[in-house]
Amino acid sequence: MNSRVLYLLPQHLQIICTHAQNTYPDECCGLILGHLGREGKTVMEIMPTENAWNSQADDFPGELTVKTIRSRYAIAPPVMLHAQKAARDQDWNIIGIYHSHPDNCATPSECDRRYAWAEYSYIIVSVQKGKTPTVKSWILDDHHQFQPETIENII
């Protein structure tokens, strides 16, 4: 399986970028639903979610919890459960998570790495002064380190 390719439609990226711009200067977040296959992951739906960091921060131990939704994100467990059920009903999976980095690069932070799940794609949108110049996708390797993942448009 080529696990380093994420296939999506241009409108999927547009939904993500619009969400990131609309929540600026806070981080946005959402789920990526689709199929896992030998040729990579195919996105079927983007599910924008509320950034629940302020209400979920106590669930994350350590000094990383001192940050706010301007620099952290969390998806509430009931939202994850709902998404899992919705994906299953369509014979899909949750294949990734997206979030934004306001006025920062589209590179995963240590917090992103620490709480990342294997097999998921992580799309990060760099929102600079309210505009989205950069979108990148990342996956974890066998050593729990992020590696770049190619984003390919489905035509």
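**Salt bridges in a predicted model**

Visitor: Which residue meets K41 in a salt bridge?
Guide: A salt bridge here is a side-chain nitrogen of Lys or Arg within 4 Å of a carboxyl oxygen of Asp or Glu. The N to O distance for K41 and its partner is 3.6 Å. The partner is E149.

Before going on, a word on the source: this is a predicted model, where local features need pLDDT of at least 70, side-chain atom pairs count only at pLDDT 80 or more, and totals for chains, interfaces and linings use all residues. Residues are numbered from 1 along each chain as its sequence is written, and side-chain values use heavy atoms, with hydrogens and water left out.

Visitor: How many residues apart are E149 and K41?
Guide: E149 sits in strand β7 (residues 146-153) and K41 in strand β3 (residues 40-49); strands are DSSP runs of E, at least two residues, and helices are runs of H or I, at least four, numbered from the N terminus. So the pair links distant parts of the chain, and the separation is 108 residues.

Visitor: Is K41 buried or exposed?
Guide: Buried means under 20% relative accessible area, exposed over 50%, and partly exposed in between (1.4 Å probe, protein chains only). K41 has a relative accessible area of 2%, so K41 is buried.

Visitor: Which residue forms a salt bridge with R113?
Guide: Look in helix α4 (residues 110-115), where R113 and its partner are three residues apart, about one helical turn. Their closest N and O atoms are 2.7 Å apart. That partner is E110.
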